[in-house]
Amino acid sequence: WRGVYYRNEKIGFTVSQTISIHDGFELQEDGRLQMSLLGARNVVSIRTTARVDRDFNLRSFDFSLDPGTGGTRVHGEVQGRRLHLIVATAAGSHEQDRDLTEPPVLTLNLARRLADAGLEPGRRYTWTIFDPATLSSSPIRLAVGSRELVSGPRRRVPAFRVETEYTGLH
């Protein structure tokens with residue numbers, strides 16, 4: 001369970017789990033967010049399921065976004081650098097193929113992909129994040145910093161500082 005905040009105000013939560021499957025993992029995340037749409041506060045439901053291999057490389061995903069007025073569903077299949085998408089709304093569905101410069105990563109499998117690639121101080125990674133909500137891709141740059149002890153609710157936990165640059169945010 002994780003709280004979601006916008007400008008220091010809690011606007012919702014997400015719940016995530018990882019399930020081992022025969023040839024990899026299934027990553028699941030469900031969320032509820034309160035958002036203002038046309039002046040009214042609505043609860044938006046978001047669900048993402050990603051199927052990844054043992055190295056956390058994305059194979060396929062299902063994404064749904066429902067603001068209570070009719071949802072959108074996106075299914076994606078990854079074959080190398082090609083992404084096949086099926087987008088369904090109340091108005092109908094359509095399919096499209098996209099050739100990407102590199103295999104895509106979802107925010108859902110980013111942390112696991114980073115851990116699998118190696119958390120060594122000084123390492124830098126650049127990947128392409130695919131956002132199924134906007135159907136867009138953007139590069140993300142990660143720089144692994146030093147190992148630190150972070151205070152948790154019961155004890156101090158070792159962690160790595162990771163600096164991230166994504167869509168103009170640092």
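Buried means under 20% relative accessible area, and exposed means over 50%. The model used in these exercises is predicted.

## Exercise 1: Gln-28

Place Gln-28 in the fold, decide whether Gln-28 is buried or exposed, and list its side-chain polar contacts.

**Solution.**

Step 1. Find the element. Gln-28 is part of strand S3.

Step 2. Apply the cut-off. The relative accessible area of Gln-28 is 11%. The limit for buried is under 20%. Gln-28 is therefore buried.

Step 3. Look for polar partners. The side chain of Gln-28 meets the side chain of Gln-17 in a polar contact of 2.6 Å. A polar contact of 2.5 Å links the side chains of Gln-28 and Glu-26.

Step 4. Add the contacts beyond four places in sequence. They are Val-15, Ser-16, Gln-17, Ile-19, Arg-47, Thr-48, Thr-49 and Leu-108. Gln-17 thus appears as a contact and as a polar partner.

## Exercise 2: Ser-60

Which element holds Ser-60, is Ser-60 buried or exposed, and which side chain makes a polar contact with the side chain of Ser-60?

**Solution.**

Step 1. Ser-60 sits in strand S5, residues 58-66.

Step 2. Ser-60 is buried because its relative accessibility is 6%.

Step 3. The polar partner is Arg-51, side chain to side chain, at 2.8 Å.

Step 4. Set aside neighbours within four places in sequence. Ser-60 then contacts Thr-49, Ala-50, Arg-51, Gly-76 and Glu-77. Thr-49 is also in contact with Gln-28.

## Exercise 3: the loop between S1 and S2

Find the residues Arg-7 and Asn-8 in the fold, give their phi values, and classify their exposure.

**Solution.**

Step 1. Arg-7 is in the loop between S1 and S2. Asn-8 lies in the loop between S1 and S2 as well.

Step 2. Recall the background. Most residues other than glycine have a negative phi.

Step 3. Read the angles. Phi of Arg-7 is positive, near 50°. Phi of Asn-8 is positive, near 65°.

Step 4. Apply the cut-off for exposed, over 50%. Arg-7 has a relative accessible area of 70%, so Arg-7 is exposed. Asn-8 is at 79%, so Asn-8 is exposed.

## Exercise 4: helix H1

Which residues of helix H1 are buried, and what is the phi of Gly-118, which follows H1?

**Solution.**

Step 1. H1 covers residues 107-117.

Step 2. Its buried residues are Leu-108, Asn-109, Leu-110, Arg-113 and Leu-114.

Step 3. Use helix geometry on that list. An α-helix has 3.6 residues a turn, so residues three or four places apart point the same way.

Step 4. Move past the end. Gly-118 follows H1 with a positive phi, near 125°.

## Exercise 5: two pockets

Describe the largest pocket and the second largest pocket by volume, lining and residue class.

**Solution.**

Step 1. Start with the largest pocket. Its volume is about 1,300 Å³. Its lining holds 37 residues. Nearest its centre lie Val-4, Thr-14, Glu-29, Thr-107 and Leu-108.

Step 2. Assign the lining to elements. Those giving two or more residues are S1, S2, S3, S4, S5, H1 and S9. S3 gives the most, with 7 residues.

Step 3. Sort by class. The lining has 21 nonpolar, 11 polar and 5 charged residues.

Step 4. Turn to the second largest pocket. Its volume is about 150 Å³. Its lining consists of Leu-110, Ala-111, Leu-114, Ala-115, Leu-119, Leu-142, Phe-160, Val-162 and Thr-164.

Step 5. Assign this lining too. H1 and strand S11 (156-166) supply at least two residues each. H1 has the largest share, 4 residues. By class, 8 are nonpolar, 1 is polar and none is charged.

Step 6. Link the pockets. H1 contributes to the lining of the largest pocket and to that of the second largest pocket.

## Exercise 6: the whole chain

Give the element order, the extent, the buried share and the exposed area of the protein.

**Solution.**

Step 1. Count elements. There are 1 helix and 11 strands. From the N terminus the order is β-β-β-β-β-β-β-β-α-β-β-β.

Step 2. Take the extent. The C-alpha trace spans about 50 × 40 × 35 Å along its principal axes.

Step 3. Check burial. Of 170 residues, 31% count as buried.

Step 4. Take the surface. The protein exposes about 10,800 Å², and carbon and sulfur atoms supply 50% of it.

Step 5. Consider contacts with a separation of 6 or more. Residues 24 or more positions apart account for 29% of them.

Note on methods: Residues numbered from 1 in each chain as written. Predicted model: local features only at pLDDT ≥ 70, side-chain atom pairs only at ≥ 80, totals over all residues. Heavy atoms only, no water. Buried < 20%, exposed > 50% of the residue type's maximum accessible area, 1.4 Å probe, protein only. Polar contact = N/O pair within 3.5 Å; in protein donor to acceptor, adjacent residues only side chain to side chain. Contact = heavy atoms within 4.5 Å. 1 Å grid on protein atoms, 1.4 Å probe; cavity = no way out; pocket = protein on both sides within 12 Å on 5 of 7 lines; lining within 4 Å. Points joined across faces, edges and corners; volume = space filled by probe spheres on them. Nonpolar A, V, L, I, M, F, W, Y, C, P; charged D, E, K, R; others polar. Areas by Shrake-Rupley, 256 points an atom, 1.4 Å probe, with all protein chains shown as cover.
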